[in-house]
Amino acid sequence: MKKKVLRMIGILSAVMMLASGCTNNRNSGPVPERVDGGDAVSAQGTVTETVNLTAGRTGIEAEAQMPSGEETAALSEAAVALLNQVLQQKSGENTLLSPVSIDFALGMTENGAAGETLEQMEQTVNGGISSENLNPLMKHLADRFENSEDVNWNIADSIWFKDDGQVRMKDDFLNKAVSFYDAEVFLAPFDNQTLADINNWTSKETNGMIPEVLDQIGENARMYLINAIAFDGEWEEEYEEDAIHEDREFTNLDGSTSNVTMMGSTENRYFTVADAEGFIKPYKGGEYSFVGILPKEGKTPADVIKQMNDKKIDLAKAVREAEYTEVKVQIPEFSNDFDIELSDTYKALGMNLPFSEREADFSEMMEAVGGGPSSIWIGRIIHKTHIDVDRKGTRAAAATVVEMKFRNAIEIDETKRICLDRPFVYAIVENETGMPVFIGCQNSME
């Protein structure tokens with residue numbers, strides 16, 4: 001499979017740059033190997049090592065599509081809504097999400113969803129954009145990353161499927177994954193070696209910034225859909241030594257202070273949003289930027305994000321339309337690692353069905369071999385990020401894992417059963433009218 005040279009920026013710039021154009025498309029991704037000749041790819045027997053079904057194979061054409069202003073706004077608002085919910089869960093913590101990484105992983109997942117399950121995912125994850133429309137948008141975004149010349153990106157998607165002969169993946173689901181997301185598809189036994197393989201794959205694709213994304217293979221896990229993104233970009237204008245100031249004071253949220261290294265520069269893009277003001281600092285090449293947003297005195301970052309969420313403020317538009325004016329800025333050097341399991345986050349946003357063992361509908365993703373009832377649902381959504389900001393530039397990475405669970409459904413026995421093994425009422429009735437001839441209570445058998 002052709003390796004991609006792409007990488008990751010942060011929350012704000014990634015959403016912003018969806019609005020800009022790109023005409024170069026990636027070569028189509030490979031189509032997974034057909035094992036059983038039907039409409040699904042089936043696991044045949046047990047394997048002792050991971051098998052890459054897509055390596056070296058030719059794909060089908062899938063066109064990229066530049067997002068409209070409305071689609072960009074939808075993704076921007078969905079990103080803010082997600083961050084707002086995470087901030088409620090992680091109050092006061094340093095927080096970093098990659099909505100784009102999440103969109104890649106859950107975008108692949110949506111291709112296996114149907115009915116109300118799909119509708120909830122489209123509304124919550126995509127901001128109302130249909131799955132069919134999201135696929136070409138994500139391909140456009142990946143193509144744009146790949147064609148960057150002055151910053152380094154890496155973006156990779158993979159699907160790991162348990163090869164136990166009980167369940168099989170559907171062709172249409174897999175073809176979309178490899179043609180729109182250029183996903184690698186692996187058959188694996190889901191043992192300790194698989195766990196190591198997944199973590200090694202993620203570490204490699206994030207240039208070592210996310211060394212371990214998965215802590216264990218979950219019970220009943222049958223599939224992992226994974227996205228990894230990494231970014232490495234130098235500032236467009238290097239900092240002069242006299243613009244770097246050691247031992248400056250940074251006031252923390254709880255009122256305490258810390259010593260930091262501050263980097264001073266003059267930028268030329270300024271905007272206001274909610275109760276905050278922001279600036280844009282470009283990376284080399286001018287295609288991607290760092291965006292800083294400072295809340296007004298007395299306001300916290302969580303206050304600003306909540307206001308943006310409540311008022312449906314389009315952050316991407318605010319950044320795109322930033323005015324050209326001189327602005328003096330100070331940025332601290334900092335590094336941060338963040339991780340979160342997003343199941344409860346998405347449930348709080350109204351996406352419940354995909355996590356329900358009984359009600360989730362992923363009938364377009366996989367099915368039990370030999371037919372029969374089965375349950376497929378999302379067990380976990382694991383998201384990890386890393387960032388380093390210093391005088392040279394920024395390195396950032398994200399990984400998102402969607403864990404799909406499967407079990408043969410327990411058939412519900414709807415036969416009514418009554419066991420008189422405790423005190424009961426009884427009667428002898430006249431059948432035509434139902435009138436009781438005798439009626440009584442049996443409270444004891446002594």
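This is a short walk through a predicted model, stop by stop, with a selection to make at each one.

**Stop 1: helices H5 and H6**

Select residues 131-146 for helix H5 and residues 171-180 for helix H6. Two packed helices are described by the angle between their axes and the distance between the axes. Here the angle is about 30 degrees, and the axes lie 9 Å apart. Angles under 35 degrees count as roughly parallel, and H5 and H6 are therefore roughly parallel to each other. To see where they touch, show the side chains of Glu132, Asn135, Pro136 and Lys139 on H5, together with Lys176, Ser179 and Phe180 on H6. Colour this contact by class and you will find two nonpolar, two polar and three charged residues.

**Stop 2: helices H3 and H5**

Keep H5 on screen and add helix H3, residues 99-110. How do the axes of H3 and H5 cross? They come within 10 Å and cross at roughly 140 degrees, so H3 and H5 are oblique to each other. Their crossing is left-handed. On the H3 side, pick out Val100, Asp103, Phe104, Gly107 and Glu110. On the H5 side, the contact is made by Ser131, Leu134, Asn135, Met138, Leu141, Ala142 and Phe145. By class, the contact of H3 with H5 has seven nonpolar, three polar and two charged residues. You may recognise Asn135 of H5: it takes part here and also meets H6.

**Stop 3: strands E14, E15 and E6**

Next, select strand E15, residues 393-408. Is E15 mostly covered or mostly open? It is mostly covered, with 13 of its 16 residues buried. Now add strand E14, residues 374-389, which pairs with E15 in the antiparallel sense over 15 bridges. E14 and E15 form a hairpin, and three residues separate them. For a landmark, centre on Ile381, which stands opposite Val402 in E15.

Then bring in strand E6, residues 221-234. E6 and E15 run antiparallel and are joined by 13 bridges. Look for Asp232, whose bridge partner in E15 is Arg395. As you look along these strands, remember that in a regular strand the side chains alternate between the two faces of the sheet.

**Stop 4: the loop with Asp242**

Follow the chain on from E6 towards strand E7, residues 244-251, and stop in the loop between them at Asp242. Is Asp242 buried or exposed? Its relative accessible area is 64%, so Asp242 is exposed. Now draw a distance from its C-alpha to that of Gly264: the two residues are 22 apart in sequence and 8.9 Å apart in space.

**Stop 5: the hairpin of E9 and E10**

Select strand E9, residues 276-282, and strand E10, residues 289-295. They pair in the antiparallel sense over seven bridges. E9 and E10 form a hairpin with six residues between them. In the turn, find Gly285, which has a positive phi of about 100 degrees. Along the pair, Lys281 has Phe290 in E10 as its bridge partner. Five of the seven residues of E10 are buried, so this strand is largely enclosed by the rest of the structure.

**Stop 6: helix H8**

Finish at helix H8, residues 301-310. Which of its residues are buried? They are Val304, Ile305, Gln307, Met308 and Asn309. To see what covers them, show helix H2 (69-89), strand E8 (257-273) and helix H9 (315-320), with E9 and E10 from the previous stop also among the covering elements. Just after H8, Lys312 takes a positive phi of about 55 degrees.

Notes:
Residues are numbered from 1 along each chain as its sequence is written. This is a predicted model: local features need pLDDT of at least 70, side-chain atom pairs count only at pLDDT 80 or more; totals for chains, interfaces and linings use all residues. Side-chain values use heavy atoms; hydrogens and water are left out. Axes are lines fitted to C-alpha atoms, for helices over the stretch in contact, and angles run from 0 to 180 degrees between N-to-C directions. Helices (H or I, at least four residues) and strands (E, at least two) are DSSP runs, numbered from the N terminus. Angles under 35 degrees count as roughly parallel, over 145 as roughly antiparallel, 65 to 115 as roughly perpendicular and the rest as oblique. Contact means heavy atoms within 4.5 Å. Ala, Val, Leu, Ile, Met, Phe, Trp, Tyr, Cys and Pro count as nonpolar, Asp, Glu, Lys and Arg as charged, and the others, Gly among them, as polar. Buried means under 20% relative accessible area, exposed over 50%, partly exposed in between (1.4 Å probe, protein chains only). A crossing is left-handed if the near helix is turned anticlockwise from the far one by less than a right angle, and right-handed if clockwise. Two strands pair if DSSP finds at least two bridges between them.
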